[in-house]
Amino acid sequence: MTTTSAKEARGGVSAEDLKRVIGEISRQKKHASEYAGLAGKATQAAVEQHGLEKTALTFARRLNEMEDGKRQSVLRSLIEYSHKLDFFAQQDAFSDLIELFREIVAEADATADSGKPTKGDPVVSSMVQ
C-alpha cells in the first residue's frame, strides 16, 4: 500500500486536523440546544472538507470525550464484536486497511518495547505488562 492510498484509507485527514475537528465539534456540542445547529454545521463542514464518514466521525468524537478506561473498553469490545459478527470477513471491503492495521500494531509494539508508560487505565495497564 502506498503512502497516498494509506492516507486515503484514513479519510484523507491528518491526525492533527482530526483532533482539531473533533475538539471543535465537542466544544459546540457542550452548548446544548442553543448551539445544536452550530455543532451540526461543524460536523457537516468537517465531513465535506475532509471527506469523513459522518457516523464514524460522531462515534470518534464520543470516544474522544470518554475517560481512558471506558474508551479502551468500548474499542476492545467493538473490535471483538466486529470479529465475532464476521464484519471483517468481507476481505475486499477492508483490504485497503490492512497496511493501516499493521502500522497500528507496529506502533503499539514499539511503545511496549520502549518501556515508556502508556496512556490508559492504570489497572488494565498493570495487568497487561
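Glu24 is partly exposed in this predicted model, with a relative accessible area of 30%. The side chain of Glu24 meets that of Arg27 in a salt bridge, with an N to O distance of 3.2 Å. A search of the whole structure finds 6 salt bridges, among them the Arg27–Glu24 pair, the Asp68–Arg71 pair and the Arg102–Glu99 pair.

**Helix H2 and the Arg27–Glu24 pair**

- Arg27 and Glu24 both lie in helix H2, which covers residues 15-29.
- The two residues are 3 apart in the chain, so about one helical turn separates Arg27 from Glu24.
- Arg27 has a relative accessibility of 48% and therefore counts as partly exposed, the cut-off for exposed being over 50%.
- H2 consists of 15 residues, and the distance from its first C-alpha to its last is 21 Å.
- That span is close to the 21 Å expected at 1.5 Å a residue.

**Buried residues of H2**

- In H2 the buried residues are Val21, Ile22, Gly23, Ile25, Ser26 and Gln28.
- These buried residues pack against two helices, H3 (36-50) and H4 (54-65).
- Gly23 and Ile25, both buried, flank the partly exposed Glu24 in the numbering.
- Ser26 and Gln28, also buried, stand on either side of Arg27, which is partly exposed.

**Helix H5 and the Asp68–Arg71 pair**

- Asp68 and Arg71 form a salt bridge in which the closest N and O atoms are 2.3 Å apart.
- Both residues belong to helix H5 (residues 68-84), and their separation of 3 residues amounts to about one helical turn.
- Asp68 is partly exposed, at 29% relative accessibility.
- Arg71 has a relative accessibility of 17%, which means that Arg71 counts as buried, the limit being under 20%.
- This salt bridge thus joins a partly exposed acid, Asp68, to a buried arginine, Arg71.

**Helix H7 and the Arg102–Glu99 pair**

- The salt bridge between Arg102 and Glu99 has its closest N and O atoms 3.6 Å apart.
- Helix H7 (residues 98-114) holds both Arg102 and Glu99, which are 3 residues apart and so separated by about one helical turn.
- Arg102 is exposed, with a relative accessibility of 53%.
- Glu99 is partly exposed, its relative accessible area being 27%.

Conventions:
Residues are numbered from 1 along each chain as its sequence is written. This is a predicted model: local features need pLDDT of at least 70, side-chain atom pairs count only at pLDDT 80 or more; totals for chains, interfaces and linings use all residues. Side-chain values use heavy atoms; hydrogens and water are left out. A salt bridge is a side-chain nitrogen of Lys or Arg within 4 Å of a carboxyl oxygen of Asp or Glu. Helices (H or I, at least four residues) and strands (E, at least two) are DSSP runs, numbered from the N terminus. Buried means under 20% relative accessible area, exposed over 50%, partly exposed in between (1.4 Å probe, protein chains only). The expected span of a helix is 1.5 Å times one less than its number of residues. Contact means heavy atoms within 4.5 Å.
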